[in-house]
There are 2 protein chains.
Amino acid sequence: MIPTIKDVAAHAGFSIATVSRVINAPHTVNPLTLEKIRRSIDTLNFRPSPLGRQLRGERTRLIGVVLPTLANPVFAECLQGIDDLAAAHGYRLMLMTTQYDADRERHAIETLRAQRVEGLILTVADADTHPLLDELDRDGLLYVLMHNDTARRPAVSVDNRLAAFDGVRMLIAHGHRRILMLAGTLAASDRARLRHLGYAEAMQQAGLAAAPALEIDFNANELAPAVLAHLTTGPHRPTALFCSNDLLAMVVMRGLHRARMQVPNDMSILGFDGLAMGELLSPPLASICAPNREIGSAAWRRLIARIDRSAPDTSLALTLPHTLRTGATIAAISNTSTTA
Amino acid sequence: MIPTIKDVAAHAGFSIATVSRVINAPHTVNPLTLEKIRRSIDTLNFRPSPLGRQLRGERTRLIGVVLPTLANPVFAECLQGIDDLAAAHGYRLMLMTTQYDADRERHAIETLRAQRVEGLILTVADADTHPLLDELDRDGLLYVLMHNDTARRPAVSVDNRLAAFDGVRMLIAHGHRRILMLAGTLAASDRARLRHLGYAEAMQQAGLAAAPALEIDFNANELAPAVLAHLTTGPHRPTALFCSNDLLAMVVMRGLHRARMQVPNDMSILGFDGLAMGELLSPPLASICAPNREIGSAAWRRLIARIDRSAPDTSLALTLPHTLRTGATIAAISNTSTTA
DNA sequence: ATGAAAGCGCTAACAA
DNA sequence: TTGTTAGCGCTTTCAT
């Protein structure tokens, strides 16, 4: 069906070695021969099989990508950042998603290793204590983490603790005193922990009480009534919510809207991620923005640098700057209106 | 570095053939031998290289996926639908995005073919007149299109014409007479054409004037002033907008909001795609919903059926039902308030 | 300038 | 039950 180098050789009347030369070192072959063989290649529509090359110990030009989910645009944006560069560099991407499941993480990494990828770009639930990553280190398979905010491994990320700190400080500067942090599926992840840490530090520095993060199951796309009540009633209800990601912030905004709470007048909202989509909301969502696409492309560049040994790459964590998008979901609170 | 079947054989003291049997037909090998070799496999952490198998002419268990972009969640959702099944079936996915560029489409398909994928799942700009797809047909490489709404090729899609027709009829039923269709990047695609056709038919059937689609460059994330003026001023300004996709609808909503137009009171908006995110907007976006994830998984099932020859699969187009999500972005218009 | 042949990791037919 | 061997498509010495 698919023509091989043999077919070309037979068709052109030369040996497969010469055909190979036409492909890989055209200058070493007689111009006349070159011409003939090229014609055969065209006629048969021959494309050298990467399989054969790869097996020969050549480079596979394959990179594995492991992401939690594509339902969250954060990761879709990263992937787009990776793919643009990969295509330009002539690499192929093999993609697997894990749905935040440790078994699927393990399985994905094993599958990709077996496929002999030259490197791995991944986002895992918890980077510090990840036995599989230790294994990669030990076996010398190159990888770069995205969004995993760890100093122990090669990673590209924002400083989650500092970013949360900055964001919550901004809320405080707007006069908020009772600020609650909401977290979703990320509760089990290193990122969420660091974000809560930043929140707690900002609160503490202002002499305010930091509360544990309120965990939300937002797969339901719906705010549980108990949670809603917690947010909206009582004299100690929060005036601002710091949501550990934008998707969660959107779910919360919608829940509040249904409960006839005005954002930002009755409640200020700050998200985390900087989804492009957030700017299209009304009101546009205030968010701590990670440069997601840039994180993807930076991860790619680091990985390729290590694969090509073109750079020493001594450092482990690469921290990209975060930005505060001060959308319209944050209102200032006058001191008098606060009971605290 | 990576152990091969030879290493295992040497370590266990058997031939590579027996090791191969342990992997592929354990019951044909002496239990004692089995045990020993398995221990060696574990010790060396050996995983059979798919490359070797694939080269042997075994199946590659590789599926190529070609999508326009991941920045639009429509495609991310499809991909998620594919990936879930692919992982469950033990297939690997090779992903390439095209940014709606014909050259990149061509390059992606060629690259994936060269990699010997067993099949292709793709969304192209224009399916009917696509020479590369003809080539795939000719060469017997299996593929299934997603979202490309054509009767000529294997495809999974909603009926774009009918869906648009239904949606616009709904707008008409709400009393709207001056309805404009807005289209974005998709203007060059078969989907956009069919959607406009459905719009025009609905208008015509109601005795109303169908206008050409107003083309919007929404990469800017911003509505051009001229467009905005066209939508908001004059006695013949539209009372409802049918947007050819949800992302575009969001940009428009935001533009109107800035221009102090109330949605839906001053302008009704209907999108197309049914992005999960749309429901989180305030007001929730009315949309003609395609079951994106389901389109992805259906495409996967069709492709696998053809690869396994497990089903005859005579039909070409598989049309999945669309649904109307009647969000709060559509208001009824009383006849008296209409000048038409 | 070209060809012959070995070998990459694996499977399967055939031998023992 | 186990081993020997050929061959999948390709690159790369080593001869010619």
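The paragraphs below go through a predicted model, beginning with the relation between its two protein chains and then turning to the DNA strands, a pocket and some details of the backbone.

Chain A can be superposed on chain B by a rotation of 180° with 0.1 Å of shift along the axis, and the RMSD of that superposition is 0.2 Å. This is the relation of a two-fold axis. Among the residues of chain A, the one whose C-alpha comes closest to the rotation axis is Met94(A), at 2.3 Å. The interface can be described in a similar way: 96% of the interface residues of chain A are also interface residues in chain B, so the copies meet through the same surface.

With the protein pair in place, the DNA can be followed one strand at a time, starting with strand C. DNA strand C is surrounded by 28 residues, and the closest of them are Arg21(A), Thr33(A), Arg56(A), Ile5(B) and Arg56(B), a list that draws on both chains. Where the atoms of DNA strand C lie within 4 Å of the protein, 60% of them belong to sugar or phosphate, while the rest belong to bases. Individual contacts illustrate both kinds of atom. On the phosphate side, an N or O atom in the side chain of Thr33(A) is 2.2 Å from a phosphate oxygen of DNA strand C, and a polar backbone atom of Ser15(A) is 2.8 Å from a phosphate oxygen of that strand. On the base side, a base oxygen of DNA strand C lies 3.5 Å from a backbone N or O atom of Leu55(A).

In terms of secondary structure, the surface near DNA strand C receives at least two residues from each of α2 of chain A and α1 (5-12), α2 (16-24) and α4 of chain B. The largest share, 5 residues, comes from α2(B). Sorted by class, this surface near DNA strand C holds 10 nonpolar, 10 polar and 8 charged residues.

DNA strand D can be read in the same order. Of the 28 residues around DNA strand D, those that come nearest are Ile5(A), Arg56(A), Arg21(B), Thr33(B) and Arg56(B). For the atoms of DNA strand D within 4 Å of the protein, sugar or phosphate accounts for 58% and bases for the rest. Chain A supplies a backbone contact here, with a polar backbone atom of Ile5(A) 2.4 Å from a phosphate oxygen of DNA strand D, and also a side-chain contact, with a polar side-chain atom of Lys6(A) 3.2 Å from a phosphate oxygen of the strand. From chain B, a polar side-chain atom of Thr33(B) lies 2.2 Å from a phosphate oxygen of DNA strand D. The elements that give two or more residues to the surface near DNA strand D are α1, α2 and α4 of chain A together with α2 of chain B, and α2(A) gives the most, with 5 residues. The class division of the surface near DNA strand D is 10 nonpolar, 10 polar and 8 charged residues.

The next feature is a pocket. The second largest pocket has a volume of about 1,400 Å³, and 45 residues line it, of which Ile2(A), Ser49(A), Arg113(B), Ala114(B) and Arg116(B) lie nearest its centre. Both chains contribute helices to the lining of this second largest pocket: α1 (5-12), α2 (16-24) and α4 (50-55) of chain A, together with α4 (50-55), α6 (102-114) and α7 (131-139) of chain B, each supply at least two residues. By class, the lining of the second largest pocket comprises 20 nonpolar, 10 polar and 15 charged residues.

Some backbone details remain. In chain A, Val263(A) and Pro264(A) are joined by a cis peptide bond with omega of about 5°, and Pro264(A) lies in the loop between α11 (246-258) and β9 (268-273) of that chain. In chain B, a cis peptide bond joins Val263(B) and Pro264(B), with omega of about 10°, and Pro264(B) is in the loop between α11 (246-258) and β9 (268-273) of chain B. Finally, Arg116(A) has phi near 65°, a positive value in a residue other than glycine, and Arg116(A) is placed in the loop between α6 (102-114) and β3 (119-122) of chain A.

How values were computed
Residues numbered from 1 in each chain as written. Chains lettered and ligands numbered in written order. Predicted model: local features only at pLDDT ≥ 70, side-chain atom pairs only at ≥ 80, totals over all residues. Heavy atoms only, no water. Least-squares fit on C-alpha atoms with pLDDT ≥ 70 in both. Contact = heavy atoms within 4.5 Å. 1 Å grid on protein atoms, 1.4 Å probe; cavity = no way out; pocket = protein on both sides within 12 Å on 5 of 7 lines; lining within 4 Å. Points joined across faces, edges and corners; volume = space filled by probe spheres on them. Helix = DSSP H or I, 4+ residues; strand = E, 2+ residues; numbered from the N terminus. Nonpolar A, V, L, I, M, F, W, Y, C, P; charged D, E, K, R; others polar. Near = heavy atom within 4 Å. Polar contact = N/O pair within 3.5 Å; in protein donor to acceptor, adjacent residues only side chain to side chain.
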